[in-house]
Amino acid sequence: MQFADFAARANDIEAEPADLAKTALLRDLFATAGEDLPVVARFVQGRVFPAWQSSTLDIGPNLCYEAIARAAGQNVTAADVEERLAELGEIGAVAASFDFGGQRGLAAFGAGGQSDLTVAGVDDELRQLAAAEGSGSQDRKLDTLFGLFNRCSAAEARYLARLVLSEMRIGVGEGTVRDAVAEAFLVDAEDAAAIRDDEAETEVEEAARDRRDAAIATVERALQVSNDYGRVAVVARDEGRDGLDAVELDVGRPVQAMLAQAGTVTDALDEWGEAAVETKFDGARVQVHYGSGEAGNAVEEEEVSLFSRNMEDVTDALPEVVEFVEAEIDQPVILDGEVVAVDDAGAPLPFQEILRRFRRKHDVEQMREEITVELRAFDCLHAAGDDLLTQPVTERHARLAELLGHTEAVSELLLSDDAEEIEHYEADALEAGHEGIMLKNPVSPYSPGNRGKNWLKRKPDVETLDLVVTGAEWGEGRRAKFLGTFLLSARVEDADGDDEFRTIGKVATGITDEKLAELTELLEPDIVSQSGTEVDLRPTTVFEVGYEEIQVSPTYSSGYALRFPRFVEVREDKTPETADSLTRVERLAEEQ
Ligand code: AMP
């Protein structure tokens, strides 16, 4: 395909405002792209390399301005290009505004006034340019780029400039490419015609839509697994749905990370009945690939690659993780996890510390002396030839535990339908210095790139409340000699202006044994009466308490109840008179 043809089609797509019509134009472009299909499928998104590859063109704006200026003629400088950019707002429009052809005379173009650039030729030259390294490489890049612009018509220059700076701006996102691939190669003409019909929805149309949606889902899965629009387009065309279904994970090629939403324990249990609970590590996301590209049970080529959340290769920055994986794992794997910075005792350090190591390119060994990093893995996407994406969380975690359960790298997974048990797990995680917990739908698959509802990061507490402790219960078993559960009250002013305390909930979580002993010592002198294990306390002590939600509830005398209250600390600086009032509770409840 001539690059001029590509530019003209890109121009049409850019000019088309309606999404469906845009997709249709893209579909036609793909259907006619022939052997250029993989390149075209990347170019329309402003990519030369597939998303999983960490190669970049590494062309800064200045180099691009310089190349445009050179191609535009002797009187034009990079500063002129920048000035025009300020005026026109966009590099494509700037490039199109210069007369590059004029440089070489119209004879430079063939009979139709077209340049000789082809899509494959541009791709080739840009790839060579990306590979240029070492001394003088910037000059060579500039020469190549100048050569390309110099052969461009205005229409071509618009899209070349944008491609070079990775901003195509034709309104084609990942979803458009996905749909267009499906429509070009997987949806038959009859179905396509039925769907395009604007008539009221008929059964025929509905069935056609279902088939199209299924085709789109197939393309989507293959994209998630391969992260390569070019390859997926070609497989869709040449091998159809079966071919796409057979696209598998490749060790060494990163997968888009599955993402989380914020949510509460209530959300999780209401939705799933039980939750898989994991420690939320406070580090930087890392995907570990180990082994050869070949699936198999033996590691043929012992190679570790580490990728960031954006699929950037960060292997060289984290030699300890590489060494750890090499030492502990003996089969090809793809793991998902975090790298955390730890102190000498292995306890997690603040997030800022890992940032000093994570993408470091220089002085890695020196920084390694200063900050120790360790792997914390929470998912296993592939092991010993098995793709595990569609396996449930519990199964993937079990595979992970088989691989690394004997190390510190894997935390225990709690499967629970009991909010209190989850709160305890969270308290332990916080106590150990972690960020909190993740709640996962135990039966859910791994959905690359997806911020769905199957992974919830437990919402941090809303504003805490300072509440008065007006009662308590003695603990059981090991904790029998401690007060274990504390009754909390909010302050209300009665008619005489005196304080009265109305109960609002009980807190038992977030408290270590050591702290319980301390609290017992603090509160025991305030016991005014006891019945069974329950005691009434003189209101003297104020607890700061976190919670997920304030609910209207007849259980307590305030008329409200705290959902999942969590002990934060004793407010030694506060007296019951300065504790939070019921009015504040009401206001917070309203604001929720
Ligand atoms: P956030 O960055 O606040 O959106 O929280 C989600 C992030 O937490 C994920 O992208 C991971 O990088 C990180 N994370 C830490 N521990 C886990 C875990 N056990 N499961 C999933 N993600 C985790």
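Trainee: Among contacts with a separation of 6 or more, what percentage comes from residues 24 or more positions apart?
Mentor: This is a predicted model, and a contact here means heavy atoms within 4.5 Å. Once pairs with a separation below 6 are set aside, the share in the protein that joins residues 24 or more positions apart is 69%.

Trainee: What percentage of the residues is buried?
Mentor: A residue counts as buried when its relative accessible area is under 20%. The protein has 592 residues, and the buried part of them is 52%.

Trainee: How much of the exposed area do carbon and sulfur atoms supply?
Mentor: The C-alpha trace spans about 105 × 65 × 50 Å along its principal axes. The protein exposes about 27300 Å², and the part supplied by carbon and sulfur atoms is 44%.

Trainee: How far apart are the centres of the positive and negative side chains?
Mentor: Two sets enter here, 57 positive and 123 negative side chains. The distance between their centres is 4 Å.

Trainee: Which residue's side chain has an N or O atom 2.8 Å from an oxygen atom of the ligand?
Mentor: The residues around the ligand include Glu 278, Arg 285, Trp 455 and Lys 440. For Glu 278, a side-chain N or O atom lies 2.9 Å from a ligand nitrogen, and for Lys 440 the ligand atom is again a nitrogen, at 2.8 Å. The side chain that lies 2.8 Å from a ligand oxygen belongs to Arg 285.

Trainee: What percentage of the ligand's accessible area does the protein cover?
Mentor: On its own, the ligand has 490 Å² of accessible area. The percentage covered by the protein is 86%.

Conventions: Residues numbered from 1 in each chain as written. Predicted model: local features only at pLDDT ≥ 70, side-chain atom pairs only at ≥ 80, totals over all residues. Heavy atoms only, no water. Buried < 20%, exposed > 50% of the residue type's maximum accessible area, 1.4 Å probe, protein only. Areas by Shrake-Rupley, 256 points an atom, 1.4 Å probe, with all protein chains shown as cover. Lys, Arg positive; Asp, Glu negative; His and termini not counted. Charge placed at Lys NZ, Arg CZ, Asp CG, Glu CD. Near = heavy atom within 4 Å. Polar contact = N/O pair within 3.5 Å; in protein donor to acceptor, adjacent residues only side chain to side chain.
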